[in-house]
Amino acid sequence: MLVFVLNAGSSSLKYQLINAKTSELKASGLVERIGIDGILKHEVGENKKLTFELPIPTHKEAIELVLRILTNDETKVINSISEIEAVGHRVVHGGEHFKKSVLIDNDVINRIEELIPLAPLHNPANILGIKICRELMPNVPNVATFDTAFHQTMPEENFLYAVPYGDYTEHHLRKYGFHGTSHYYVSNEANKILNKKSSKVIVCHLGNGSSVCAVKDGKSIATSMGLTPLEGLIMGTRCGDIDAGVIPYLMEKKGLDTHQIINYLNKKSGILGVSGISSDLREVIKASNDGDKRSKISIEMLCGRIKKYLCSYAGLMHGVDAICFTAGIGENSDLIREKVCEGLDFMGIEIDTDKNKVRTPGIREIHKESSKTKIFVIPTNEELVIAKDTYNIVK
C-alpha cells in the first residue's frame with residue numbers, strides 16, 4: 001500500500017511517499033516559505049535530490065505541486081496519483097479523546113478543531129492539510145496520527161498539575177506531552193534490542209523542539225512537555241520549565257500582553273535567548289569553542305536540564321535499562337550526549353567516549369561494556385509510524 005504521509009505546518013509542508021507494507025521510502029521532501037516565495041526540496045529514494053524555487057501562495061498549491069512532482073517525468077515515482085491508496089496526517093494535539101490513530105471523517109475534523117485552543121500554532125495547519133487532501137483526492141481515505149496519543153497511558157499523578165482539580169475536569173488542564181510518535185518508535189526499537197518482558201527506557205528526543213519520555217513496558221508513564229510544547233527542556237527558542245511568577249513580572253516590566261509574552265517564551269527564549277547568537281545548536285557550539293561565554297553557559301544549561309529529567313525518570317521507574325538519543329541533536333551531537341551522561345557512573349550509566357564519536361548509519365550502541373545501562377543512538381522515523389498506522393487502519 002502506497003501511503004502519502006503529510007505534516008502540514010503554518011508555512012511549511014513535509015511529506016513522504018512510503019510503501020507501508022515493505023517500509024520502502026519512495027520519495028520525500030519539504031516545501032518551505034509557503035505564502036512568501038516558495039522553496040521545494042524533493043528527494044527520490046536516497047539518491048536523487050532536487051530543489052525548486054517558485055511562488056507557492058497557498059497550502060493547496062503546495063500539495064498540488066508535490067503531487068505533480070511525484071508523477072512528473074523527471075521526478076516520477078508513480079504513474080498517477082490514483083496509485084496513492086491512503087494519506088496519513090501528523091496532528092499535533094489530540095487531547096484526551098484520541099488515544100490512537102483514527103480514520104478521518106467530519107466528526108474527527110470537528111474534534112481536532114475543538115482542540116485548537118490547546119495547539120493554536122499547529123492544529124489549524126494540520127486541519128488545513130487534511131481538508132485539502134480530501135478535496136484533491138476525494139476517494140482516498142485519510143488517517144490522523146496524534147503526537148499526544150502515545151502519552152495517554154500516563155497515570156493521573158503524572159499528568160495532573162497541582163491546581164484545583166475542577167480546572168482539569170472543566171477546562172482539560174493537564175499534561176498531554178508531544179513527540180509521541182517518535183518516543184513510541186524509538187522505545188520500540190530499543191525494546192527489540194533489550195528483548196526483555198519488562199523494560200525501563202528513557203527516550204531523549206532532542207531537536208529544535210525537545211522532550212524526554214519515560215517508557216515502562218512499552219508505555220509512556222511520564223514526559224517533559226505539558227499542556228503545550230513549551231514545558232520541559234530548554235529548546236532552540238523555547239524556555240522550557242520556568243517559574244510561573246516570571247510571566248506576570250515580565251508582562252508588567254516590559255509592558256507585554258498575553259500574545260506577546262507567549263511569543264517571547266516560545267520564539268525568543270531558549271538557546272537563542274541565552275546565547276544571543278542562534279537557535280541552531282551547531283552555531284552555539286562553534287561559538288563556545290571559540291570562547292564565547294554565553295554560548296558555553298547555554299550548552300551547560302541545556303545538558304543540565306536534560307540530565308535532571310533523565311535522573312528523575314530513572315527514579316520514577318526504579319531504574320533504567322536503556323537511554324536513547326534521537327532527533328537532530330540527539331542523533332548528531334556527540335558533545336551533548338557525552339555531557340548529559342557525564343558523571344552518572346554512580347547510576348550505572350557509563351558512556352564510551354570513543355564509540356560516541358563514531359558516526360555510522362542506523363542504531364548505535366555507545367555505552368561501555370561495564371555499563372549497567374545501555375545507551376543507544378536511534379534515528380527516529382515518525383513518518384514510518386504514521387504510514388504503518390495508516391496501513392493497519394485502512395487495510
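## Glu189 and its helix

Setting aside neighbours up to four places away in sequence, Glu189 makes contact with Ile363 and Ile378. This glutamate sits in helix α6, which covers residues 180-194. Is Glu189 buried or exposed? Its relative accessible area is 14%, and a residue is called buried under 20%, so Glu189 counts as buried. Please keep in mind while reading that this is a predicted model.

## The chain as a whole

Let's step back to the overall fold. The protein chain has 15 helices and 14 strands. Its radius of gyration is 21 Å, close to the 21 Å that the globule rule gives for 395 residues, so the chain is as compact as a globular protein of that length. Along the principal axes, the C-alpha atoms fill a box of roughly 60 × 55 × 45 Å.

Of the 395 residues, 51% count as buried. Among contacts with a separation of 6 or more, 61% are between residues 24 or more positions apart. The accessible surface comes to about 18,600 Å², and carbon and sulfur atoms account for 50% of that area. As for charges, there are 48 positive and 49 negative ones, and the mean positions of the two sets are 3 Å apart.

## The nonpolar cores

The largest nonpolar core has 35 residues, and the members that touch the most others are Ile202, Cys204, Leu281 and Ile336. At least two residues of this core come from each of the strands β9 (200-205), β10 (211-216), β11 (219-223), β12 (322-326) and β14 (374-377), and from each of the helices α10 (281-289), α11 (293-316) and α13 (334-341). Which element gives the most to this core? That is α11, with eight residues.

Cys204 offers a good view of the surroundings. Beyond four places in sequence, its contacts are Ser211, Val212, Ile306, Leu310, Ile323, Cys324, Phe325 and Thr326. Apart from this core lies another one, of 28 residues, which includes Ala8, Leu65, Ile69 and Val77.

## Helix α13 and what follows

Which residues of α13 are buried? They are Ile336, Arg337, Lys339, Val340 and Cys341. Ile336 also appears among the residues that touch the most other members of the largest nonpolar core. After α13 comes Gly343, with a positive phi near 80°.

## Positive phi outside glycine

Here is some background for the backbone angles. Most residues other than glycine have a negative phi.

Asn195 departs from that pattern, with a positive phi near 55°. This asparagine lies in the loop between α6 and β9. Its relative accessibility is 68%, and the cut-off for exposed is over 50%, so Asn195 counts as exposed.

Asp217 is another residue that is not a glycine yet has a positive phi, of about 55°. Its place is the loop between β10 and β11. With 41% relative accessibility, Asp217 is partly exposed, because that value falls between the 20% and 50% limits.

## Two buried histidines

His151 is found in the loop between β8 (142-146) and α4. It is buried, at 0% relative accessibility. Leaving out neighbours within four places in sequence, His151 is in contact with Arg174, Tyr176, Gly177, Phe178, His179, Gly180, His183, Cys213, Ser220 and Thr223. For a sense of distance, the C-alpha atoms of His151 and Lys268 are 28 Å apart, with their positions 117 residues apart along the chain.

His93 lies in the loop between β6 (86-91) and β7 (102-103). Its relative accessible area is 0%, so His93 is buried. Once residues up to four places away are set aside, His93 touches Leu115, Leu118, Ala119, Asn123, Phe146, Thr148, Tyr176, Phe178 and Leu227. Tyr176 and Phe178 are in the contact list of His93 and also in that of His151. The C-alpha atoms of His93 and Ile116 are 8.1 Å apart, and the two residues are 23 apart in sequence.

## Glu156 in helix α4

Where is Glu156 found? It belongs to helix α4, residues 156-159. Its relative accessible area is 36%, so Glu156 is partly exposed. Apart from neighbours within four places in sequence, Glu156 contacts Tyr165 and Tyr168.

Ile363, a contact of Glu189, is 207 residues from Glu156 in sequence and 33 Å away in space, C-alpha to C-alpha.

How values were computed
Residues are numbered from 1 along each chain as its sequence is written. This is a predicted model: local features need pLDDT of at least 70, side-chain atom pairs count only at pLDDT 80 or more; totals for chains, interfaces and linings use all residues. Side-chain values use heavy atoms; hydrogens and water are left out. Helices (H or I, at least four residues) and strands (E, at least two) are DSSP runs, numbered from the N terminus. Buried means under 20% relative accessible area, exposed over 50%, partly exposed in between (1.4 Å probe, protein chains only). Contact means heavy atoms within 4.5 Å. A nonpolar core is a set of buried Ala, Val, Leu, Ile, Met, Phe, Trp, Tyr and Cys residues joined through side-chain atoms within 4.5 Å. The radius of gyration is taken over C-alpha atoms; the globule rule is 2.2 Å times the number of residues to the power 0.38. Accessible areas come from the Shrake-Rupley method with a 1.4 Å probe; for residues, only the protein chains shown count as cover. Lys and Arg count as positive and Asp and Glu as negative; His and the chain ends are not counted. The place of a charge is taken as NZ of Lys, CZ of Arg, CG of Asp or CD of Glu.
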